[in-house]
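Q: I'd like to go through this one with you, starting with how helix packing gets described. Could you set out the convention before we look at particulars?
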Amino acid sequence: MDNAQRLAGEVVNEKQLTKQDIRSINFRSTFLLGSFNFERMQSMGFCVSMIPAIKRLYTKKEDQVAALKRHLEFFNTQPWVGSAVIGVTVAMEQERANGAPIDDASISGVKVGLMGPLAGVGDPIFWGTARPVLAALGASLAIAGSILGPLVFFGGINLSRFLTRWYGLKYGYEKGTEIVKDMDGGRLQKLTQGASILGLFVMGSLVSKWTSINVPYELSRYTNTAGQEVVTTVQSVLDSLLPGLLPLLLTFACMKLLKKKVNAMHIIFALFAIGILGFKWGILA
Amino acid sequence: MNAMQIVLVTLVAAIAGMGSVLDERQTHRPLIACTLIGLVLGDLKTGIILGGTLEMLALGWMNVGAAMAPDAALASVISAILVIVGKQSIGEGIAIAIPIAAAGQVLTIFVRTITVFFQHKADKFAEDANFRGIEMCHIAGLLLQGIRVAVPACVVAMVAGTSAVTNALNAIPDVITRGLQISGGFIVVVGYAMVINMMEAKALMPFFFLGFVVASFTGFNLIGLGILGACAAIFFIQLNPKYHKSMNQVAVANVSEDELEGL
């Protein structure tokens, strides 16, 4: 807060980003992953997002060179929450350009320190919950042929994306280094855990609802006293135990295999083989 | 298919390809990519249905950390072309999509390796404070990702209508196509497993079983289940003693925020 007051007091000589700069950074950040590569991942995207700030804050060439190099370092996080990191970094660069004693290491430290935990928040919320839930909702409408399906998904996911980016960037920029302290507060942790609970609950219901395994293999067939033929199949026995038991077991098997670093594509191919052989031998239908 | 449609298909493919690396506007998801291909090929409805079906399969395909998902962009675009122009069934479209997703993954690995070259080029531009140069390196990487989907899509679009591809697809024995359709019913569990593994905290697994049992024994739709899940999450956090201390801190933090705004 002292900083803010000092900034407000000495308008002269203080370098500050314009609204246009912030909008430009926000737009550039939507291409954060464009040049994703195995060596430094999102580094070029991060650097390109920082360029409006670097141009505004540093006029001397050697300062610009140093800033560009700083932001070509390794960077990787969940892209949307990455905006918050960009915001904090911009705030630090601004303070530095105005003479605050912030060195390269502390800027890199904050970037690296934030990208991990924020990815830990962003991945389960957006990739683990928001997208699968919206996609499942959209897909259920789309399978019936409704244009609403893709529209609901596209609109919903992009609204949450845009809000996360814009407010993340603004919050990061305004709060500057303060955000680092907020990581220890309970708010983010609560949000993450709440999202995980919702996500797991929905996943549990999807396992039961949107998978179909049918084992029509006959166990017995007899005619009861009323003269009706009663057929007992493996499936009818399983359904009387717990509907959806097979998909549940299959899900756990997949989780085990994935944890053992088995390639997901191999599992998918194996499941296809099970489907084909199961059909051939009359076990699955 | 006329020349205009081939151009539009290539364009949509490029957008999907760029979307697949950006993971930003989600244009690479089957729900969007298949719909767009359906739109430009004049069969929107088939595109939407295929997109929805494929989306269920691809639910758990996501880039987390350095890990890479199977490529939804190439799979969606190619299978939509084959289903709509090649007159294949939705089931066959799904069956085609899986090996193509694997091939697309190989292609994107290839591009992500080539982009390392641009990364070093960008380092050189940084030495001269050449902003434009760095931006170009960045865009070059993005365009390569577009091209890697656009070129295969263009080639398939040009031959999909011909009998050669159709005959080849029809020659697939029944046991294979029926088997693939059957496995299509449960292959989605791999996606579920990925999502669950990512969110997994042993202490929270009861919520997974709760969701499973409620869905198994009731007729609730997804919105009802979502509300139920949200309530469960709120109850858990409100009642969890772990958060009672931090709740006070949050209250304090809120006050100071308000003060800041007042200044």
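A: Axes here are lines fitted to C-alpha atoms, for helices over the stretch in contact, and angles run from 0 to 180 degrees between N-to-C directions. Please keep in mind that this is a predicted model.

Q: OK, so at what angle do helix 2 and helix 4 of chain B pack?
A: Helix 2 (residues 30–40) and helix 4 (residues 72–84) of chain B pack at an angle of about 35°, and their axes are 9 Å apart. The crossing of helix 2 of chain B with helix 4 of chain B is right-handed.

Q: Which residues meet there?
A: From helix 2 of chain B come Pro30(B), Ala33(B), Cys34(B), Ile37(B) and Gly38(B), and they meet Ala72(B), Ala73(B), Ser76(B), Val77(B), Ala80(B), Ile81(B) and Ile84(B) of helix 4 of chain B. By class, the residues of this contact divide into ten nonpolar, two polar and no charged.

Q: And is helix 2 of chain B mostly covered or open?
A: Helix 2 of chain B is mostly covered, with ten of its eleven residues buried, and among them are Leu31(B), Ile32(B), Thr35(B), Leu36(B) and Val40(B).

Q: What follows helix 2 of chain B?
A: Gly42(B) follows helix 2 of chain B, and the phi of Gly42(B) is positive, near 80°.

Q: Switching topic: how many residues does each chain put into the contact between A and B?
A: Chain A contributes 99 residues and chain B contributes 94 residues. On the side of chain B that touches chain A, helix 5 (residues 90–127) of chain B gives the most, with twelve residues.

Q: What about the chemical make-up of that side of chain B?
A: The residues on the side of chain B that touches chain A divide into 62 nonpolar, 21 polar and eleven charged.

Technical notes. Residues are numbered from 1 along each chain as its sequence is written. Chains are lettered from A and ligands numbered from 1 in the order in which they are written. This is a predicted model: local features need pLDDT of at least 70, side-chain atom pairs count only at pLDDT 80 or more; totals for chains, interfaces and linings use all residues. Two residues are in contact if their C-beta atoms, placed from the backbone, lie within 7 Å. Helices (H or I, at least four residues) and strands (E, at least two) are DSSP runs, numbered from the N terminus. Ala, Val, Leu, Ile, Met, Phe, Trp, Tyr, Cys and Pro count as nonpolar, Asp, Glu, Lys and Arg as charged, and the others, Gly among them, as polar. A crossing is left-handed if the near helix is turned anticlockwise from the far one by less than a right angle, and right-handed if clockwise. A residue is buried if 20 or more other C-beta atoms lie within 10 Å of its own, exposed if 12 or fewer, and partly exposed in between; C-beta atoms are placed from the backbone.
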